[in-house]
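Work through the exercises below with the structure open beside you. Try each task before you read its solution.

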Amino acid sequence: MSKPNSFRSGYASIIGRPNVGKSTLLNRLVAQKVAATSNRPQTTRNNITGVVHLPNAQIILVDTPGIHSSKRTLNEMMVKASLSTFSDVDLILILIDAVEGFIAEDEFVLKSLEHAQAPKILVINKIDMVEKPNLLTLIAEAHGRSVFKEIIPVSALKDDGMEPLKELIVGYLPEGPEYFPKDMITDCTEAFLLGEIIREKVLSLTRFEVPHSVAVVLESMEEQANGVVKIDATLYTEKASQKKILIGEGGAMLKSIGRIARIEIEKRLGAKVYLKLFVKVKANWRDQKQTIKEFVYPNDSL
Ligand SMILES: Nc1nc2c(ncn2[C@@H]2O[C@H](COP(=O)(O)OP(=O)(O)OP(=O)(O)O)[C@@H](O)[C@H]2O)c(=O)[nH]1
Ligand SMILES: [Mg+2]
């Protein structure tokens with residue numbers, strides 16, 4: 001038995017099918033934007049750490065790519081990244097969408113989790129979108145499944161249910177030290193975080209296959225004598241037609257992506273930024289393991 005006032009710490013991964021709100025939940029729980037979010041499935045490609053600092057505990061969350069079935073090498077590697085978290089965590093948060101309930105893709109997620117040892121909490125997200133009676137039916141259905149230690153309804157977007165969720169998570173963490181200093185909320189590199197800001201803007205401004213075909217590589221970042229931070233980044237896409245769309249009429253699309261990304265990067269860095277974006281074609285990069293490692297997982301051992 002742990003002493004009542006002892007400090008607790010540990011890891012909890014955030015798992016679910018694409019688009020259920022995992023990254024939104026991570027950002028909400030750490031109270032800062034760490035992960036890119038979008039209304040397109042398969043936004044997140046990496047495991048992203050976010051640390052919640054509480055007076056009596058430290059929760060280290062790991063946002064993961066949405067689990068889904070696909071034959072593309074990139075998608076397989078994304079799912080592999082997700083699954084790799086299971087063995088290292090104290091707790092698994094499984095997200096579903098309150099409006100959709102348990103759909104086939106969620107069953108696929110649950111199947112992938114079958115052998116994971118860590119306790120599982122079901123987080124029913126997006127309750128702001130659902131009528132109360134439907135939510136109660138879904139909660140009752142979830143109780144009928146024996147896999148979940150706890151079931152909690154929340155809205156990550158509307159900041160509803162976050163305090164009870166944190167409390168619930170802490171209850172499953174072992175006694176432990178502060179793994180991260182108080183001012184640290186992620187161990188992602190600055191280059192990764194800035195690249196994700198740019199990719200998020202690509203996701204929000206482009207459609208169909210274009211957003212999925214893009215990888216952002218930060219080439220350089222340098223503070224100039226006048227205090228302006230100059231950042232060069234390359235947007236890799238798979239086809240000349242996608243490159244054309246990314247650049248847009250007279251460069252209009254690339255300009256818009258660059259402008260909204262720059263505004264967010266300036267806020268993050270607290271400095272003026274000169275952001276220069278390049279677009280290049282790397283045919284079928286999403287099917288080439290080596291290129292995927294270089295573009296998407298430069299810091300991972302996948
Ligand atoms: N209404 C509502 N929308 C939400 C909520 N949480 C997330 N969303 C929206 O759902 C969409 C997907 O959110 P993400 O956080 O990117 O989802 P994800 O699970 O990380 O998706 P992948 O990275 O693709 O696996 C975005 O448009 C969010 O704004 C919520 O509580 N309520
Ligand atoms: Mg995500």
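**Exercise 1. Find the volume of the second largest pocket, then describe its lining.**

Step 1. The volume of the second largest pocket is about 430 Å³. A pocket is found on a 1 Å grid over the protein atoms alone: it is an open set of points with protein on both sides within 12 Å along at least five of seven lines. Grid points are joined across faces, edges and corners, and the volume is the space filled by probe spheres set on them.

Step 2. List the lining, meaning residues with an atom within 4 Å of a point. There are 26 such residues, and Asn19, Gly21, Thr24, Ser38 and Lys126 are the closest to the pocket centre.

Step 3. Sort the lining by class: 7 nonpolar, 14 polar and 5 charged residues. Here Ala, Val, Leu, Ile, Met, Phe, Trp, Tyr, Cys and Pro count as nonpolar, Asp, Glu, Lys and Arg as charged, and the others, Gly among them, as polar.

Step 4. Look for the main contributor. Helix α1 gives the largest share, 3 residues. Helices are DSSP runs of H or I with at least four residues, strands are runs of E with at least two, and both are numbered from the N terminus.

A note on the model: it is predicted, so local features need pLDDT of at least 70 and side-chain atom pairs pLDDT 80 or more, while totals for chains, interfaces and linings use all residues. Residues are numbered from 1 along each chain as written, chains are lettered from A and ligands numbered from 1 in written order, and side-chain values use heavy atoms, without hydrogens and water.

**Exercise 2. Place ligand 1 and list its polar contacts.**

Step 1. Ligand 1 takes up the space of the second largest pocket. To sit there, more than half of its atoms must lie within 2 Å of the pocket's grid points.

Step 2. Polar contacts here are pairs of N or O atoms within 3.5 Å. A polar side-chain atom of Lys22 is 2.7 Å from a ligand oxygen. A polar backbone atom of Thr43 lies 2.8 Å from a ligand oxygen. The side chain of Thr44 also places an N or O atom 2.8 Å from an oxygen of ligand 1.

Step 3. Check the cover. Alone, ligand 1 has 650 Å² of accessible area, and the protein covers 91% of it (Shrake-Rupley method, 1.4 Å probe).

**Exercise 3. Describe the largest cavity.**

Step 1. A cavity is a set of points where a 1.4 Å probe fits but cannot get out. The whole structure has 1 cavity of 30 Å³ or more. The largest cavity holds about 40 Å³.

Step 2. Name the lining. It includes Gly16, Arg17, Phe102 and Phe148. Strand β4 (91–97) and helix α3 (104–112) each supply at least two residues.

Step 3. Sort by class: 8 nonpolar, 1 polar and 2 charged.

How values were computed:
A polar contact is a pair of N or O atoms within 3.5 Å; within protein, one must be able to donate a hydrogen and the other to accept it, and residues adjacent in sequence count only if both atoms are side-chain atoms.
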